[in-house]
Amino acid sequence: MSTGRKRKSNACNGSAQCAEADRELSQVASKKTFVHRCRFVDWVPESIDAMTCNFDGNKLAVARSDGTIEVWQMHSDTKWEIDSIIAGSKDCQITSMWWSTQHQRRLFVTSLNGTLWEVDVSLLLRKRIVDSNGGPIWCSGFNETKQQLAIGCEDGRVRLFSIADDDLHFYKGFVSTSKRIVSLSWHIEKNLIYTGSEDGIIYRWNATTGRNESRITLDTVANNHSVVWSLLVLQDDTLVSGDSFGNLCFWDGETGTLLQKFTHLTADILTLCTDSKNSVLYASGVDAQVAEYRSVTDASDKCLADRRSWKYSYSNRAHSHDVRALAIAPIKSADEKHFGRLFSGGLDTQLISYRINTFHTHRPWKMPSMPYRGTFALSSEKRILLMQKARSLDLWQLSATASAPEVGALQETLALQLNISGNSNVTCSSISSDGQYIACATVDDIKLFRLPHNGQYSPEKIVLSDVIARNGARALAFSPDSMRLVVATTSAFQLHVVDLKRLEIVQSYFIEEEDVVIQMFKVSNDAQWLAVLDTHNRLTVLNLDTMQLHCQLSLSHEKMTNFGFNPPGSLLMVTVASDSLVVYDLESKSLSDWSRSNVRQLEASEFRAKLRHLKGVALRPNQPNTAYLYSQSSLAKIDMSTTGNGNKQAKKFIKNGKENIEEDPSFCTTINQFRPVAYAEFLTSKELVVVETPWLKVLSRLPEALYRHKYGK
């Protein structure tokens, strides 16, 4: 790889011949970089179990099977990115979620562990946890007008919980049906609740009195009862049901009469959703296809004269496995420039988006699952790659240098798998530069380990005081000299610097401001600066020695996604949600001159197209004016010593069975050999670690999908 500035080697002391030889070797060697292509990491994404959109339609909450909740933010009609993550806990499989329309920081979640809880989306914390007293919660319905939440439980009872007065408590219980309730829908205007049970019966309840008014019994096939997996009641009191036989039925909610029946889906229908006007309806499930049905006016049909008639429109098969959740982001603009969006997710872990008004003509937009920011960390001295999982940490020993004589010596090995005790999932982790310390945290606790490198990799737990560990952490980082640990607490915007020798807090920084939470931070290589990114899209730069504020940087029109210091620590390179780069000069506390002069080139559509879904930035230790941006599709080297329009393709060659890349000097050099890139960081000035998560590898670890006969087979 080419360097922006040629530096003399420090190996020779004043010798002109040695200096000249070192310069020549540097010019040759700098064009080639040895790449540790890490496809061996055991990373498997979690399936999607539930989804919901907020009232404005610009945020989407996605629940994973490990209890983690992702909050996705809309940046444009086709640009959605993960804004924040709320960590889950052990045995906490989420079944449904509801976003309050009046207070959009309140998100209500039900789980199969029998608990109902409220999440504060602003503080990214669980505020209240209430037991259902009826076993696992399989379904729920929300009535914002009544300020109530209805849940269907394992014991066959419907229970109402009040959310009024910023509280969450039990309100009333209905009579038991003696069978598990697996689906529920609430008619807001008539205050009626419909429930579906596992024995194929649909019950209609008066939500005011709690009494059952009527019921509908579905057909049986070969003495097998159908399971009413999904229910949806429309504004005209039409009830839509999806069962385990793949039947989509439309019922008269008042009389229980079957109006229409569709059999386009061939297996269990697990989820239904409709828009606010009830003009379009979507159904999906084990069949893996998303079917669209549209309402039509049919005055000739006397049976349907007083209500809408429905027709099958189209179906998309973008998923490979079961679809478990559907959600619609509503249209809010009068000119409808922001089209309504349908989202689907399920067992194949992918979040897929469809434009509603062109569902039958436009291809779906896939958002494949990728490791979260902070999943990987690197110890450069001991050549260890740390990978964070929900309940454990994996330590991979990277191979020796590329000059090793034998190919067999260049093998990565799993040195240690460290299981983390407790009920909560791991929120963050880090490893020191010298590989001596490993730290990880949950929302409840912080754990610190010492790793003696005696060839056995046997970690020793270090007991931390309650003052340090009791509040957990959202982010952790070691100083470059491995002498200090920086901790961002979960409770507020609070930072602590822990001395690893004395195991006590030596510096702290706190901002008394509501609704602000630290998302990530990084320490400069010279241990002078600490940059902190919060949920208000601000970068706070502190002096690490004194913990005094140096400056505060913000972007009003762009969401910051990741950042890094250049090796001298004078520049802060920030990636933004529009797949571009912003560079700040810490001395002037403003945008750098290079960033100002190249703003048009950085915002060009051609540049952003190369870095779609930009993840972060990697910085070479000996090149202060070079940044390597990595995304799902490629790596791009940005040379800040040039301002031309150069754009070249990197060359690849293989030596000793290992990947190497060779680049030519230009403003932007694209490296397309690695994809999708989840993490990239320099191990040394000549070695780059690239972690890839190929989709085919993820797909091979998923369970078998529903068999579909194909013609000719």
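Trainee: What makes S53 and S54 a hairpin?

Mentor: In this predicted model, S53 and S54 have three residues between them, and the two strands pair in the antiparallel sense.

Trainee: How do you know that S53 and S54 pair?

Mentor: Pairing asks for at least two bridges between two strands. S53 and S54 have five bridges, so they count as paired. For one example of who faces whom, Leu-629 stands opposite Ala-636 in S54.

Trainee: Which strand besides S53 is joined to S54, and by how many bridges?

Mentor: Strand S58 (residues 668-671) is joined to S54 by four bridges, and the two run antiparallel. Look at Ala-636 again: Thr-670 in S58 stands opposite this residue.

Trainee: Why is S54 called largely enclosed?

Mentor: All of its residues pass the burial test: five of the five in S54 (residues 635-639) are buried, so the rest of the structure largely encloses this strand. Buried here means under 20% relative accessible area. Both faces are covered, with Leu-635, Lys-637 and Asp-639 on one side and Ala-636 and Ile-638 on the other.

Trainee: What is Leu-635 in contact with, beyond its neighbours within four places in sequence?

Mentor: Among its contacts are Leu-629, Tyr-630, Thr-670, Phe-674 and Val-690. Leu-635 is also listed, with Phe-376, Leu-385 and Val-691, as having the most contacts inside the largest nonpolar core, a group of 28 residues.

Trainee: Which elements give two or more residues to this core?

Mentor: They are strands S1 (32-38), S32 (376-379), S33 (384-388), S53 (626-631), S59 (677-684) and S60 (687-692). The largest share, six residues, comes from S59. A second, separate core has 19 residues, including Ala-477, Ile-518, Ala-527 and Leu-530.

Trainee: Why might nonpolar side chains be found together like this?

Mentor: There is a general tendency: in soluble globular proteins, nonpolar side chains tend to be buried together.

Trainee: Let's turn to another sheet. What makes S44 and S47 edge strands?

Mentor: The open sheet has four strands in the order S44-S45-S46-S47, paired antiparallel. S44 (518-523) and S47 (548-554) each have a single partner strand, so one side of each has no neighbour in the sheet. From one strand to the next, the twist averages 20°.

Trainee: How do you know that S44 is paired with S45?

Mentor: The test is at least two bridges. S44 and S45 (residues 529-534) have five, in the antiparallel sense, so they pass. One of the matched pairs is Phe-521 with Val-532 in S45.

Trainee: How do you know that Cys-273 is in no disulfide?

Mentor: A disulfide needs two cysteine sulfur atoms within 2.5 Å. The nearest cysteine sulfur to that of Cys-273 belongs to Cys-53 and is 9.4 Å away, so Cys-273 fails the test. The count for the structure comes to zero disulfides.

Trainee: Why are Cys-273 and Cys-92 called buried?

Mentor: The cut-off is under 20% relative accessible area. Cys-273 has 8%, so it qualifies, and Cys-92 qualifies with 2%.

Trainee: And what makes Gln-260 buried?

Mentor: Its relative accessible area is 13%, which is under 20%, so Gln-260 counts as buried. Gln-260 lies in strand S23 (residues 258-262).

Trainee: What does the side chain of Gln-260 reach, and why is this called a polar contact?

Mentor: The side chain reaches the backbone oxygen of Trp-310 at 2.7 Å. The cut-off is 3.5 Å, so this distance lies within it.

Conventions: Residues numbered from 1 in each chain as written. Predicted model: local features only at pLDDT ≥ 70, side-chain atom pairs only at ≥ 80, totals over all residues. Heavy atoms only, no water. Core = buried A, V, L, I, M, F, W, Y, C linked by side-chain atoms within 4.5 Å. Buried < 20%, exposed > 50% of the residue type's maximum accessible area, 1.4 Å probe, protein only. Contact = heavy atoms within 4.5 Å. Polar contact = N/O pair within 3.5 Å; in protein donor to acceptor, adjacent residues only side chain to side chain. Axes fitted to C-alpha atoms, helices over the stretch in contact; angles between N-to-C directions.
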